Amino acid sequence: ATRLLYTGDLNKMFSETPMNKASSRSHCVFTVYYRGRPLDSETWLTSKLHIVDLAGSERLSRTHSEGQILEETKFINRSLFFLQNVIHALADKAAIIPYRDSQLTKVLADSLGGNCSTLMIANISSDLADVSESLDTCAFAQRVATITVELQANREVDSAVVIQ
């Protein structure tokens, strides 16, 4: 699993933007599935771990990006907007959660509002010029922290054991 994580990291695209000299130009989702069973049990325990590295949003008015970098920035900002909509809907316990608005929110649906525990690590800038973006990031992380779910173990009965 570690080798795959490093391979993915090596293939991640970076580009220089006016706000960030080594800006990742995409989100990265690394998923590990686990399935285990005690020897004396007929029940499998399953879990999934998403490690997510989100590309940071950049204000177009500050970056003055052009061409491909501009298009990438628009796509990144759009997917982060959809993620924010999902986070707000979950925190507000809305009847409808807009998971299907983007590929990112579809992939992360069960890790955001399902039977899950979510930990968010926010990376902010120490540059005074980036205070507005840093405050937005902190507000987003705080909103994520308000999401509550009741956790239950994911159990599957081993059909081979039951048939015997």
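Biologist: Which residues is arginine 155 in contact with, leaving aside its neighbours within four places in sequence?
Modeller: In this predicted model, arginine 155 touches Thr43, Trp44 and Leu45.

Biologist: How far apart are arginine 155 and leucine 45, in sequence and in space?
Modeller: Along the sequence, 110 residues separate them. In space, their C-alpha atoms are 4.8 Å apart.

Biologist: Where does arginine 155 lie?
Modeller: Arginine 155 belongs to strand S5, which covers residues 154-157.

Biologist: And is arginine 155 buried or exposed?
Modeller: Exposed, because its relative accessibility is 58% and the cut-off for exposed is over 50%.

Biologist: OK, zooming out. How many helices and strands does the protein chain have?
Modeller: The chain has six helices and five strands. Going along the sequence, the pattern reads α-β-β-β-β-α-α-α-α-β-α.

Biologist: What share of the residues counts as buried?
Modeller: Of the 164 residues in the chain, 27% are buried.

Biologist: And what about contacts between residues at least 6 apart in sequence: what share joins residues at least 24 apart?
Modeller: That share is 55%.

Biologist: Let's talk helices. How do people describe two packed helices?
Modeller: With the angle between their axes and the distance between the axes.

Biologist: So what are those values for H3 and H4?
Modeller: H3 and helix H4 (residues 103-112) pack at about 30°, and their axes are 10 Å apart. That angle makes H3 roughly parallel to H4, because angles under 35 degrees count that way. The crossing of H3 past H4 is right-handed.

Biologist: Which residues make that contact?
Modeller: From H3 you have Ser79, Phe82, Leu83, Val86, Ile87 and Leu90, and from H4 there are Leu104, Thr105 and Leu112. Sorted by class, the H3 and H4 contact has seven nonpolar residues, two polar ones and no charged ones.

Biologist: Which residues of H4 are buried?
Modeller: Leu104, Thr105, Leu108, Ala109, Ser111 and Leu112 are the buried residues of H4.

Biologist: What covers those buried residues of H4?
Modeller: The cover includes strand S3 (28-36), strand S4 (43-53) and H3.

Biologist: Now H3 and H5. At what angle do their axes cross?
Modeller: The axes of H3 (residues 67-91) and H5 (residues 131-145) cross at roughly 40° and come within 9 Å. H3 and H5 are therefore oblique to each other. Here H3 passes H5 in a left-handed crossing.

Biologist: Which residues meet there?
Modeller: On the H3 side, Leu83, Gln84, Ile87, His88 and Ala91 meet Phe140, Arg143 and Val144 of H5. By class, that contact of H3 with H5 has five nonpolar, two polar and one charged residues.

Biologist: Switching to loops, where is lysine 93 found?
Modeller: Lysine 93 sits in the loop between H3 and H4. With 58% relative accessibility, lysine 93 counts as exposed.

Biologist: What is its phi near?
Modeller: Phi of lysine 93 is near 55°, so it's a positive value in a residue other than glycine. As background, most residues other than glycine have a negative phi.

Biologist: Last topic. How many disulfides does a search of the whole structure find?
Modeller: Zero.

Biologist: How accessible is cysteine 28, and what about cysteine 138?
Modeller: Cysteine 28 is partly exposed, at 26% relative accessibility. Cysteine 138 is partly exposed too, with a relative accessible area of 37%.

Technical notes:
Residues are numbered from 1 along each chain as its sequence is written. This is a predicted model: local features need pLDDT of at least 70, side-chain atom pairs count only at pLDDT 80 or more; totals for chains, interfaces and linings use all residues. Side-chain values use heavy atoms; hydrogens and water are left out. Axes are lines fitted to C-alpha atoms, for helices over the stretch in contact, and angles run from 0 to 180 degrees between N-to-C directions. Helices (H or I, at least four residues) and strands (E, at least two) are DSSP runs, numbered from the N terminus. Angles under 35 degrees count as roughly parallel, over 145 as roughly antiparallel, 65 to 115 as roughly perpendicular and the rest as oblique. A crossing is left-handed if the near helix is turned anticlockwise from the far one by less than a right angle, and right-handed if clockwise. Contact means heavy atoms within 4.5 Å. Ala, Val, Leu, Ile, Met, Phe, Trp, Tyr, Cys and Pro count as nonpolar, Asp, Glu, Lys and Arg as charged, and the others, Gly among them, as polar. A disulfide is a pair of cysteine sulfur atoms within 2.5 Å. Buried means under 20% relative accessible area, exposed over 50%, partly exposed in between (1.4 Å probe, protein chains only).
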